[in-house]
Each structure stands twice: as structure tokens, then as C-alpha cells.
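Good morning, and thank you for joining. I should like to take you through one structure, beginning with the ligand and ending with the cysteines.

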Amino acid sequence: METVKFLLDEDRIPTHWYNIAADLPSPLPTVLHPGTHQPIGPGDLAPLFPMALIMQEVSTERTIEIPDEVRDVYRQWRPTPLYRARRLEQALDTPAKIYYKYEGVSPAGSHKPNTAVAQAYYNKQEGITRLTTETGAGQWGSSLAFAGALFGIEVQVYMVKVSYHQKPYRRALMETYGARVVASPSDETHAGRQVLAEYPDSTGSLGIAISEAVEIAAQRDDTKYALGSVLNHVLLHQTVIGQEALAQLEMAGDYPDIIVGCTGGGSNFSGIAFPFIGAKLRGERDVRVVAVEPAACPSLTKGRYVYDFGDTGHYTPLVKMHTLGSTFVPSGIHAGGLRYHGMAPLVSHLYNLGHFEAIALQQLETFAAGVEFARIEGILPAPEANHAVAGAIREALRCKEEGVGKTILFNLCGHGHFDLQAYMDYQAGKLKDFEYAEEEVAMALAGLPPVNG
Ligand SMILES: *Cc1c(COP(=O)(O)O)cnc(C)c1O
């Protein structure tokens, strides 16, 4: 059976990012200062982010123009291909049509450069010479390292310790792009030293690594902080994915009935889904959307929708989101990019309003899906992306049971070429499922800020 691929010309790279804030049925809850619990303004964020990104963070304009310099870099790998998974459909014997948008063709191998390039560009514009950040599996760190190298910005990455050891090749890639990589928790920051004093064997978490990166950025005028997910402006930048998919499905003469994406902090999910959810919010076209999260870190399905810190050290503003508690450290599953205690405020808000569904899947089911996908479609997905693959397969099998030929679109957010140790462990039977640690979540939630009443 032949491969069916939908490609757009370069001049079809979106000219604008889509801002779903313009179409929300009710506005996002305000962001609060971590100390005073009062609403914060753009000025409060200025030590951490360039003003252009802060203005995007609070914007309610429906579209925001993509600078030519950013589109010029996007041109290297965008528009990304949309495939119809005909062989997978046949193997599953489903009447459903399955399409996937493949973001693994970027230089760093995932969707993350879509925002890394934009963030590096705006920081450069405002004279910033150094960026600090955190990284889980290393996808975000390598994306920012790539973008920093393009725009001549020094990049310092705090990498979650378990991934630092599990994924040495990601570290090598970051260092090749010129970044400095530090295992987190480290003894370079107050936040890191505090964790190490209490838990000398800490495997780290994104929440801890964020504290370290924020702490360093807040100390110097020439240094700012970059976040690879969660924030409104990051989700905004990722909407190039869904906008392109919309145009490609138009070429195919289709429109999705069901969209599936994996959620860590929510950015690739938002990227593929927001342009379609926006159309639904405007009353133009209906769609069912499913977020897939890991059972070991189930912020949407098991977390609470409350104000919480974005980091473990409590330096960040308080945002209302689905959270497992800022001190929760999830099990060391291989989908490192999905090990975050919270969820993007925009995603949380839409979930709370009932605009999409969420499911939590166990690691073994997702790897089984990833291996099946690789054998049938040829592309080896990242462990995070395996969650979307598994979710899409579940939907396709449900279509088979119900005998309905729906159109499924999912985001294949990255390739797994740096995750082969995980696949080796899976093949050797060494991976296991993790229930999320209920008592630990309860403990972390007991430490929620008092602003929740
Ligand atoms: C970082 C990452 C994720 C998780 O982050 P989101 O913001 O939820 O997209 C998922 N997949 C891949 C390949 C990643 O690199």
C-alpha cells in the first residue's frame, strides 16, 4: 500500500500564530504574585522574559504576526508533512481514517523548535546574551540550544538528573550546539542545594530544574529564562502545527472528527488542537479532542484545578492549573517530557470548561503502540509521542467496534532516535507500569498555597 503524504509549499507556512485567548468563552483566571498573592502585571515578569513575549503572554488578539526572521528559520523544516496512515488503518482493520502530523523533521527532532526559535529571536531583539532553561528528556534543551546557536545567544540548561543519565546523547547534542548542561538538582543554586540537603539521591524533576534556571536568570540583567511549555506564548507559537494540518487536511478533502495529542505541559497538544478548538468555540465546526497523559503523572485526570506554583522552589507566579502539587516528583518513566506536575493554564481552563477529554495511559501500552507504529509506518516515535499513538489506536479500534469511519488526526510530536535505550529496556522486558503515588500527590497537594482558601 502506497504512502500518502500531504505537503504544503513553503509559502504556506503560517504568517500568524493563532491566539485562542481571543475565542475563550470566559477569560483565563488572573496570574498571582507568589509572595503577595495579588494579580501581577507585565512588569512583574520583566526580569524573566523579554517584553515582546510578555505582551504575547497577556494578548487577547486572535492572530499575532510571525516575524520574517522566525519564518525564515521555520523554512528549514516547515511546513512539516501530514501523513495518512493507510498501512496502520489496514493493520488495525478499522474503518477510521488516521492522519498524523509529523513534527520529528525539525533539527532537534520535535515540535519544540517552533517556540525555541521565536523565543531566541525576541530575546536577541532585546539585547539578551544568555538564556537559562530546564529540560526533562532533553528535547527542549536541545531545541533552545539549536535556536541559541542560530541567534548567537549562550544557553545554560538544567537537565533533570534521571534523564541526564538515561539520555547522554541528548546532552551531547546540546553541548554540540554549544550549550552548557548541568544535572539538576545541582549545587549551583540555592534551590538545588535545598533539595539535595533533604534528598541527596533526588532524581530531579522539571519543577526543581525550573527553580534552578529561574534563580540564575533573575540574578542578571543580560540573562533571561525560557520555558518550553505551559505558558500562553509557548502554546501560541505551537499553533503553526494545527494551522498547517488544517490546510493539509483540506488538500485531502477531510476534516478531523477526533484529534489526539499527548500532554506534558500541554504545548504540542495545543499546537495541533487549538486551531480546531477555536473553530468549535466560534461555532464553526465541531470536533472531539482527546489529551493523553501518562498514568504516572496524571495532572488532568487526577490533579486538582487550583492555584499552584510552576516550580518546586516556589519562585514562579501562581497560576490556576490542573496540578499534582509543585513538590510532586513522578516516577522515572521514559517519557521524560511528560513528567511535569502541572498543566498549561489555557489547557486547564478549556478542560475545566469541558472542551476536550483526557485519558491517562500506562507506559507499557504506549510502548507497545510505538513499536507497532514503527513496524507499520516506519517512523520511531519519541516515548512521549507514543502516548498519542496509543490514544489514536484506541480511537481507531473504537471506530471498528462501532462500525463508523471517523477521521482521526494525531500529533506525532517527535522521533525517538535519542530514546533507543528506552526501547531496548522495553524489548528486554525491563519497563514496568507505574500507578501514580497517591500518598505523595496528597502530600504535595497539602502544600498548595493558601490563596486557594
Ligand atoms: C517536550 C515534549 C513533550 C511534552 O511537552 P508538551 O508541552 O506537552 O508538548 C511531548 N513530546 C515531545 C516529543 C516533547 O519533546
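A polar contact, as I use the term here, is a pair of N or O atoms within 3.5 Å. Please keep in mind that we are looking at a predicted model.

With that cut-off, consider Gly 266: one of its backbone N or O atoms lies 2.9 Å from an oxygen atom of the ligand. Gly 265 also takes part through its backbone, where a polar atom is 3.0 Å from a ligand oxygen. Ser 229 uses its side chain instead, with an N or O atom 2.5 Å from an oxygen atom of the ligand. On its own, the ligand has 380 Å² of accessible area, and the protein covers 97% of that.

Which residues surround the ligand most closely? There are 17 around it, and the closest are Lys 112, Ser 229, Gly 264, Ser 267 and Asn 268. By character, this shell comprises 12 polar residues, three nonpolar and two charged. The ligand occupies the space of the largest cavity.

Let me turn to the cysteines. How many disulfides does a search of the whole structure find? The number is zero, and two residues illustrate the reason.

For Cys 413, the closest cysteine sulfur belongs to Cys 262, at 3.7 Å. Because a disulfide requires sulfur atoms within 2.5 Å, that pair is too far apart for a bond. Cys 297 also has Cys 262 as the source of its closest cysteine sulfur, but at 13 Å, so this distance is likewise too far for a bond.

Are these two cysteines buried or exposed? Cys 297 counts as buried, at 2% relative accessibility, and Cys 413 counts as buried at 5%.

Methods. Residues numbered from 1 in each chain as written. Predicted model: local features only at pLDDT ≥ 70, side-chain atom pairs only at ≥ 80, totals over all residues. Heavy atoms only, no water. Near = heavy atom within 4 Å. Polar contact = N/O pair within 3.5 Å; in protein donor to acceptor, adjacent residues only side chain to side chain. Areas by Shrake-Rupley, 256 points an atom, 1.4 Å probe, with all protein chains shown as cover. 1 Å grid on protein atoms, 1.4 Å probe; cavity = no way out; pocket = protein on both sides within 12 Å on 5 of 7 lines; lining within 4 Å. Sits in = over half its atoms within 2 Å of the grid points. Nonpolar A, V, L, I, M, F, W, Y, C, P; charged D, E, K, R; others polar. Buried < 20%, exposed > 50% of the residue type's maximum accessible area, 1.4 Å probe, protein only.
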